[in-house]
Amino acid sequence: MKKIILLLSFLSLLLVTVAQNGKEPIKVTDMLKIKSVVSAQLSKDGSKAVFVVTAIEPDGDSKLDYKYVAQLWLVQTDGNSAPKQLTSKENSSQPVFSPDGRQIAFVRTADGKPQVFLLSLDGGEAIQLTKSKYGATNPKWSPDGKKILFAGGISLKDLLKDSVLNPGKQVPAWPFEKPGFSKNEQLKTSTAKADPDGGLDEVRAYLDNNVTDKKATVLNKLNFQSETNVSADMGFNHFFITDIQPGSTPVAVTRGFSRFSGADFTPDGKQLILTCDIDSLEHPDRSLESEIYLINTDGSGLRKLLGEAGKTYGSAQVSPSGKWLAFQYGTTSFVNFPVLGIMPLNGTAKDIVTIPFDRRKSDFNWSQDEKYLYFTASSNGGTPLFRADVKSKQIEQLTEFEGGINSYDLQNNRIVFSKTIVADPSELYVADAAGKNTRRLSNFNEEWLRTKQLSFPEKKTFTNNKGQTIEYWVMKPINYEAGKKYPLLLNIHGGPSAMWGPGESSMWHEFQFFCSKGYGVVYCNPRGSGGYTEEFLRANINDWGAGPHSDVMTALDKTVGEGWADTSKLVVTGGSYAGYLVAWIISHDHRFKAACSQRGVYDLATFFGEGNAWRLVPNYFGGYPWDANTKATLERESPFSYVQNITTPYIIFHGDNDRRTGFVQSEMMYRSLKVLGRPVEYVRHPNATHEVTRSGDNRQRIDQMLRTWEFFERYISH
């Protein structure tokens, strides 16, 4: 029987491959046709699912510019009817069913702020529920369906003046860190009139006005970079509960200057489970801990369940009966995997039972009978759905490594999930609670894919010099013919703790595009990648360069060893940490005909100052640029230290608004190579962030892909 099932599975996959492997190559503009399914949610009886479809459409009358459009869709999970579009106006997101399944709460922008809307499935237009001056996101229904919990974002400046969220208009107990002041006295309201020629109080009022009018940015906090800019602003998340009648006044549940990051109702609807950091007397930028609390829905009775110095507790999920609490905990360093724990909701830390699973886990859901805890985890090139048997602690894998589960929900012994596979970048599926009897519920990408010729990756492995198994995937060019030679692209992932595989949605189009242009593609998960063990994750501590370099080059060498790659036409590309590794590789190896780094890190000491991901430095290298040992390590591990060795033709990309890695290092790398007279080209994309190739301006996404290919063609076409 097992052999028959395996044979049927293989034949099913073969039929999909043949059916969607037509004659037309993937074009760069096919990226605009991809529709992505996200935020899948089931009604309580499991009979229907609501989800978001993100599409790309022309932006106004422009023939070159495109915008993202996100709308809600509904489908019956019996598979007997096609999905139905529910919204068509402004972008909509974060849908969630009411307990009776008759309404959907979701988020849409109104008057410049996100607000919660209600949509009746009996018909009619969506009705705006909230008009919060702080916005409203992440709606959660109370178990009786009469109230909705939502989050609002408030600035420090507004919080100081808000008498509800900040009773008595207090100042924070933690230090604001403005030098020369004590007890945060500078945050107290001043009645002084702004006057540049007045006394000290009047001058301070004048200077504050300059900040308000954007004539100056004054920085006192540690984390002064957002993803897109330098900012002195501080923001706080607070939770509110409102009745479901429009016009109702929301009631604030949380207050003060603590960091509240997650909240949901307990099954009896009387309390909320909170993830936050209340205990800290440190500035929020310095305190990395988080705790789990219970609080009554009126904001009273706050009680800490879990929390201690140097630890993070989160992902809190209360079981359907209210008896058990599932959560994750770990240290404040992020180069590790949090531990999955379960304890009685009325218990203490001594009652914690752990369920071992050496992967990074997320998105937890209890089964109704509380026998299983479901979750997703990046693993071995995919993001499968798993479930843990709470009693036996055994982990069961429910979906395949070759797919990427992007969102899922579990209700009434039914699972709905969106998934990426090589044959289709995104669709919605349904299965039973054991992950069996899977059926596809949508076909958003089927029509345009029907005529396309795709390249399907072959998974391979080798053992590296640390004795670790390295997985890699080889994609041959379309129209491949045995005996011919082809250009080969080594494509490297970022992170460094990211992971690639056939289920990686962000790379689906890029891989297929280069294969359609006649290139082979090889990619691997070198040491330090996520999706394997914690030991594997930490295998690049103090070794961002040589070790991962060895792994990715071994994958390349083994692919070349198959005999079909033209060794005179090898090229390499990668973004973020992979932009770093590309620079490292070409400063230590000269076999590539051309190379491309996107939004990379090149000088680690400079990165510490200009990137908002600066904590990568102490987490991976154990200290700071001024520490003697760390300083030597950062210099050794920085590609910029070897810039004089780079002779490979090199194109460097960066976005003007990329503050995750910062862009000064790319300027340093470009200028140095230009001074050295090396073949280098530098491309800056105006207003682009670190996410330019994934969720950025679509014209810039196309530009970067085409510009990379065109640069490679300059050197391999002759």
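At 31% relative accessibility, E562 counts as partly exposed, a class that lies between buried (under 20% relative accessible area) and exposed (over 50%), computed with a 1.4 Å probe on protein chains only. The model is a predicted one, in which local features need pLDDT of at least 70 and side-chain atom pairs count only at pLDDT 80 or more, whereas totals for chains, interfaces and linings use all residues. Residues are numbered from 1 along each chain as its sequence is written, and side-chain values rest on heavy atoms, with hydrogens and water left out.

**Salt bridges**

The side chain of E562 meets that of K460 in a salt bridge, a term that stands for a side-chain nitrogen of Lys or Arg within 4 Å of a carboxyl oxygen of Asp or Glu. This pair links distant parts of the chain, since E562 lies in the loop between helix 7 (546-560) and strand 33 (565-575), while K460 belongs to strand 29 (residues 458-463), 102 residues apart from it in sequence. Helices (H or I, at least four residues) and strands (E, at least two) are DSSP runs numbered from the N terminus. K460, like its partner, counts as partly exposed, at 22% relative accessibility.

The structure holds 33 salt bridges, and three of the pairs are set out here.

| Pair | N to O distance |
|---|---|
| E562 and K460 | 3.4 Å |
| D424 and R440 | 3.7 Å |
| R707 and D703 | 2.6 Å |

The pair of D424 in strand 27 and R440 in strand 28 also links distant parts of the chain, with the two positions 16 residues apart. Here D424 is buried, with a relative accessible area of 2%, whereas R440 is partly exposed at 34%. R707 and D703, by contrast, both lie in helix 14 (residues 698-716), four residues apart, which is about one turn of the helix; R707 is partly exposed at 32% relative accessibility, and D703 is partly exposed at 23%. Beyond such pairs, a network of salt bridges links E24, D30, K33 and K452.

**Two open sheets**

Strands of a sheet pair through backbone hydrogen bonds, in either a parallel or an antiparallel manner. Strands 27 and 28, which carry D424 and R440, belong to an open sheet of four strands with the order 25-26-27-28 and antiparallel pairing, where two strands pair if DSSP finds at least two bridges between them. Strand 25 (404-411) and strand 28 (439-440) stand at the edges of this sheet, and because each has a single partner strand, one side of each is left without a neighbour in the sheet. Strand 26 (residues 414-421) and strand 27 (residues 424-432) pair over seven bridges in the antiparallel sense, with S418 standing opposite L428 of strand 27.

Another open sheet of four strands follows the order 17-18-19-20, and its pairing is antiparallel. Its edges are formed by strand 17 (311-318) and strand 20 (353-355), each with a single partner strand, so that one side of each lacks a neighbour in the sheet. On average, neighbouring strands of this sheet are turned by 30° against each other, direction ignored; the axes are lines fitted to C-alpha atoms, for helices over the stretch in contact, and angles run from 0 to 180 degrees between N-to-C directions. Strand 18 (residues 324-331) and strand 19 (residues 339-344) pair over six bridges in the antiparallel sense, and Y329 stands opposite V339 in strand 19.

**Nonpolar cores**

A nonpolar core is a set of buried Ala, Val, Leu, Ile, Met, Phe, Trp, Tyr and Cys residues joined through side-chain atoms within 4.5 Å. The largest has 84 residues, among which L490, I492, Y650, M669 and F712 touch the most other members. Helix 8 (residues 577-586) supplies the largest share of this core, nine residues. A second, separate core comprises 24 residues, including V116, I148, F236 and F240.

F236 is also one of the residues that G153 touches, together with Y134 and N237, when residues up to four places away in sequence are not counted; contact means heavy atoms within 4.5 Å. G153 lies in strand 10 (residues 147-155) and is partly exposed, with a relative accessible area of 44%.

**A buried arginine**

R659 lies in the loop between strand 35 (650-655) and helix 12 (664-675). R659 is buried yet has no salt bridge, and the nearest side chain of opposite charge, that of E610, is 6.0 Å away; Lys and Arg count as positive and Asp and Glu as negative, while His and the chain ends are not counted. Leaving aside neighbours within four places in sequence, the contacts of R659 include Q225, E227, N229, E610 and N612.
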